[in-house]
Structures are given as C-alpha cells and as structure tokens.
Amino acid sequence: MPKPQLLRALPSVDALLRADGARALAERTGRARLTALARAVTGELRAELLAQASLSRAGGANGDDPVLKSEGDAARSPEGRVAKSGGRVSEPEGGVTRESLLAEAVRRLSVAVEREG
C-alpha cells in the first residue's frame with residue numbers, strides 16, 4: 001500500500017479513544033492519561049509506517065506490509081527493537097486496512113495501560 005494510503009488508514013487519536021476496547025480503558029485510567037497514551041500509540045504506528053514505506057522505496061524491504069508482520073515475527077520499531085507493545089500479530093488476509101490498524105492500536109493501548117498498572 002502506498003505511503004499516503006497507509007497514513008490515511010491510520011486511526012486518529014479520537015477514533016482510537018472511541019473504539020470499544022479503549023472506552024473500557026478510560027474508566028480505569030482516566031480520560032487525560034488515556035489520551036496521552038493514545039497519542040503515543042498512534043505516533044509509534046505512524047513512525048513504523050513511514051519507516052517501512054521508506055525502506056520499501058529504497059529497496060530494503062521485501063514487500064511485507066508495515067506494522068502487521070507475518071505470524072511469528074515480532075512487531076519491530078524503525079530502530080529494529082521489539083516494539084513497546086511486545087506482542088505478535090498476524091497480518092490480516094486482505095493486508096493492512098483501517099480496521100486492522102485500529103485493532104492494532106487498541107491492542108497497543110491496552111498493553112500500555114496494563115504496563116502502567
């Protein structure tokens with residue numbers, strides 16, 4: 001997917017906060033803290049998408065969809081570290097979509113809230 005389409009598919013902070021999984025987290029964490037975490041999560045996803053798009057243009061990537069790696073591959077940051085969320089996700093059958101990015105953002109937000117205790 002070309003970079004502009006990938007970035008358009010990225011959920012906004014508001015869309016992330018309105019997602020079912022995030023609404024339940026707001027009750028536990030508080031709206032202000034959850035908003036800050038949602039900004040961090042969307043920023044992390046945006047950076048990963050941009051890094052992957054840059055690698056693809058430079059011929060350094062093998063055509064994998066960004067962020068959502070094939071099953072068994074850890075999600076990695078642009079620096080090659082395992083992403084803060086630390087989880088593994090499988091690529092949706094249709095590739096990266098708005099829905100798959102929203103689901104990944106909600107998952108990462110949930111992990112961030114859990115880490116804060």
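**Close-up views of a helical chain**

**View 1. Thr42 within helix α4.** Thr42 has its place in helix α4, which spans residues 31-58, in what is a predicted model. With a relative accessible area of 3%, Thr42 is buried, since buried is taken to mean a relative accessible area under 20%. When residues up to four places away in sequence are left out of the count, the residues that Thr42 touches are Leu10, Pro11, Val13 and Leu16.

**View 2. Ser100 and Pro11.** Ser100 belongs to helix α5, the helix made up of residues 98-116. Its relative accessibility is 10%, and Ser100 therefore counts as buried under the cut-off of 20%. Ser100 and Pro11 stand 89 residues apart along the chain, while 9.8 Å separates their C-alpha atoms. Pro11 also appears in the preceding view, where it is one of the residues touched by Thr42.

**View 3. The packing of helix α3 with helix α5.** The packing of two helices is described by the angle between their axes together with the distance between those axes. For α3 (residues 20-29) and α5 (residues 98-116), the angle is about 15° and the axes lie 10 Å apart. This angle makes α3 roughly parallel to α5, because angles under 35 degrees are counted as roughly parallel. The crossing in which α3 passes α5 is left-handed.

**View 4. Residues at the contact between α3 and α5.** On the side of α3, the contact is made by Gly21, Ala22, Leu25, Arg28 and Thr29, and on the side of α5 by Val106, Leu109, Ser110, Val113 and Glu114. Sorted by class, the residues in this contact of α3 with α5 comprise five that are nonpolar, three that are polar and two that are charged.

**View 5. The whole chain, as context for the close-ups.** The secondary structure of the chain consists of five helices and zero strands, and the order of its elements, read from the N terminus, is α-α-α-α-α. The chain has 117 residues, of which 38% count as buried, Thr42 and Ser100 being buried residues shown above. Among the contacts in the chain that have a separation of 6 or more, 65% are accounted for by residues 24 or more positions apart. The area that the chain exposes is about 6,600 Å², and carbon and sulfur atoms supply 49% of that area.

Definitions and conventions
Residues numbered from 1 in each chain as written. Predicted model: local features only at pLDDT ≥ 70, side-chain atom pairs only at ≥ 80, totals over all residues. Heavy atoms only, no water. Axes fitted to C-alpha atoms, helices over the stretch in contact; angles between N-to-C directions. Helix = DSSP H or I, 4+ residues; strand = E, 2+ residues; numbered from the N terminus. Parallel < 35°, antiparallel > 145°, perpendicular 65-115°, else oblique. Left-handed = near helix turned anticlockwise from the far one by under 90°. Contact = heavy atoms within 4.5 Å. Nonpolar A, V, L, I, M, F, W, Y, C, P; charged D, E, K, R; others polar. Buried < 20%, exposed > 50% of the residue type's maximum accessible area, 1.4 Å probe, protein only. Areas by Shrake-Rupley, 256 points an atom, 1.4 Å probe, with all protein chains shown as cover.
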